[in-house]
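Visitor: Before we start, could you put the model up on the screen? I'd like to go through it with you one question at a time.

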Amino acid sequence: MSVEPLDPSTLPDHDNLPGNAYAYCVRLTGPLFVQTGRMIAHYPAGGGTIRFEPLTATSLGSLVAERFSSPLYSRDWVVANGQGHVILGDRGYDINSYDLDEGNLTVRAANLLAFDAALELKESIIPGFLTLLGTGKFLASSSGPVIFVEPPVRVDPEALVGWADCPAPAQHFDAGWMGHFLGAARGALFGTRSGEERQYDFTGAGTVLLQSSERVLEDPHVLQRLEGEVRQLGTGQLQRLGSVVQQEIAQRQQG
């Protein structure tokens, strides 16, 4: 089998590699925030170098302070600096670039791969999501092609990639599940199984981004955030929470 190697002189500046939806090539001309583990190759221009510096680097102090306001995720990101091309990949997921124009977009943290230093990142109030503000380009991955829909719409939380220029969603539970929940007098919203039972309800103007399948990686930062909230609970509440968690573990082991 004959395989044609990549030719650095013909790499696209800002596009997927030819015939490959799973790898994206960025032409680096200034600082770019990149999620760790997503760079698969890079080609410095003119014999120079491309540097990948952690957000803790002293040389990035002012940039990070102005553009990256999410301490929970700060260890998962670096800043790429230099001139050349950087190729990104993510678990064999589709990768696309998006442009914000004085807008705001909230995206699942595990699916956000990179963003221009012109954009500002903040931590969303929704666990597991990050919000980008301003004007610039960012890259995000998805399990299958992205579907764009307009509110009002209810979506499966596991299919949700993000939403732009619309309010954060409310949670909606179907009537049958609510009847079971209330009848059993269960003390927490654990045990929901799918988007048929629990959905995110979007209203108002804007755009919702969905992926074409319900594949979502576990995000350890969601657990860290919950651990922080747990410290605010009383002893009785902690005992109740422990009981509910054990019930959920047992149900999943049976399933």
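**Salt bridges and the strands around them**

Guide: Let's start with Glu120 and Lys122, whose side chains meet in a salt bridge, 3.0 Å from N to O. Keep in mind as we go that this is a predicted model.

Visitor: Is Lys122 buried, partly exposed or exposed?
Guide: To count as buried, a residue has to come in under 20% relative accessible area, and exposed starts over 50%. Glu120, at 21%, counts as partly exposed. Lys122 has 32% relative accessibility, so the call here is also partly exposed.

Visitor: Which residue of strand 12 stands opposite Lys122?
Guide: Strand 11 covers residues 120–123 and pairs with strand 12 in the antiparallel sense over 4 bridges. Within that pairing, the residue opposite Lys122 is Thr131.

Visitor: Strand 11 and strand 12 form a hairpin, so which residue in the turn has a positive phi?
Guide: The hairpin leaves 5 residues between the two strands. In that turn, a phi of about 90° belongs to Gly128.

Visitor: How many bridges join strand 9 to strand 12?
Guide: Strand 9 spans residues 94–108 and runs antiparallel to strand 12. One facing pair puts Asn104 opposite Leu133 in strand 12. As for the bridges between strand 9 and strand 12, the count is 13.

Visitor: And strand 10, what does Leu112 stand opposite in strand 12?
Guide: Strand 10 is residues 112–116, and 3 bridges join it to strand 12, again antiparallel. The residue in strand 12 that faces Leu112 is Ala140.

Visitor: How many residues of strand 12 are buried?
Guide: Strand 12 runs over residues 129–142 and has partners in strand 9, strand 10 and strand 11. It is largely enclosed by the rest of the structure, because the buried residues number 11 of the 14.

Visitor: Just past that strand, what does the side chain of Ser143 make a polar contact with?
Guide: Ser143 lies in the loop between strand 12 and strand 13. With a relative accessible area of 6%, Ser143 is buried. Its side chain makes a polar contact at 2.5 Å, and the partner is the side chain of Ser213.

**Aromatic rings**

Visitor: How are the rings of Phe68 and Phe115 arranged, stacked or edge-to-face?
Guide: A search of the whole structure turns up 9 aromatic pairs. For Phe68 and Phe115, the ring centres are 6.5 Å apart and the planes are at 25°, and planes under 30 degrees apart count as stacked. So the pair is stacked.

Visitor: How many residues apart in sequence are the parts that Phe68 and Phe115 tie together?
Guide: Phe68 sits in strand 6 and Phe115 in strand 10. Both residues are buried, and they belong to one aromatic cluster with Phe33 and Trp77. In sequence, the parts tied together by the pair are separated by 47 residues.

**Around Arg91**

Visitor: Which residue has the ring that the charged end of Arg91 sits over?
Guide: Arg91 has a relative accessible area of 33%, so this residue is partly exposed. The charged end is 4.2 Å from the centre of the ring, and that ring belongs to Tyr93.

Visitor: Which residues are linked with Arg91 in a network of salt bridges?
Guide: The structure holds 5 salt bridges. In one of them Asp90 joins Arg91, with the closest N and O atoms 2.7 Å apart. Asp90 counts as buried, at 2% relative accessibility. The network links Arg91 with Asp90 and Arg38.

**The three-strand sheet**

Visitor: In what order do the strands of the 3-strand open sheet come?
Guide: The pairing in this sheet is antiparallel. Strand 14 and strand 16 are the edge strands, each pairing on one side only. Neighbouring strands are turned by 40° against each other on average, direction ignored. From one side to the other, the order is 14-17-16.

Visitor: What is the bridge partner of Arg154 in strand 17?
Guide: Strand 14 and strand 17 pair in the antiparallel sense over 3 bridges. Arg154 counts as partly exposed, at 48% relative accessibility. The side chains of Arg154 and Asp201 also meet in a salt bridge, 3.6 Å from N to O, and this pair links parts of the chain 47 residues apart. The bridge partner of Arg154 is likewise Asp201.

Methods:
Residues are numbered from 1 along each chain as its sequence is written. This is a predicted model: local features need pLDDT of at least 70, side-chain atom pairs count only at pLDDT 80 or more; totals for chains, interfaces and linings use all residues. Side-chain values use heavy atoms; hydrogens and water are left out. Buried means under 20% relative accessible area, exposed over 50%, partly exposed in between (1.4 Å probe, protein chains only). Two strands pair if DSSP finds at least two bridges between them. Axes are lines fitted to C-alpha atoms, for helices over the stretch in contact, and angles run from 0 to 180 degrees between N-to-C directions. Rings of Phe, Tyr and Trp (its six-membered ring) pair if their centres lie within 6.5 Å; planes under 30 degrees apart count as stacked, over 60 as edge-to-face and the rest as tilted. A charge sits over a ring if NZ of Lys or CZ of Arg is within 6 Å of the ring centre and within 35 degrees of the ring normal. A salt bridge is a side-chain nitrogen of Lys or Arg within 4 Å of a carboxyl oxygen of Asp or Glu. A polar contact is a pair of N or O atoms within 3.5 Å; within protein, one must be able to donate a hydrogen and the other to accept it, and residues adjacent in sequence count only if both atoms are side-chain atoms.
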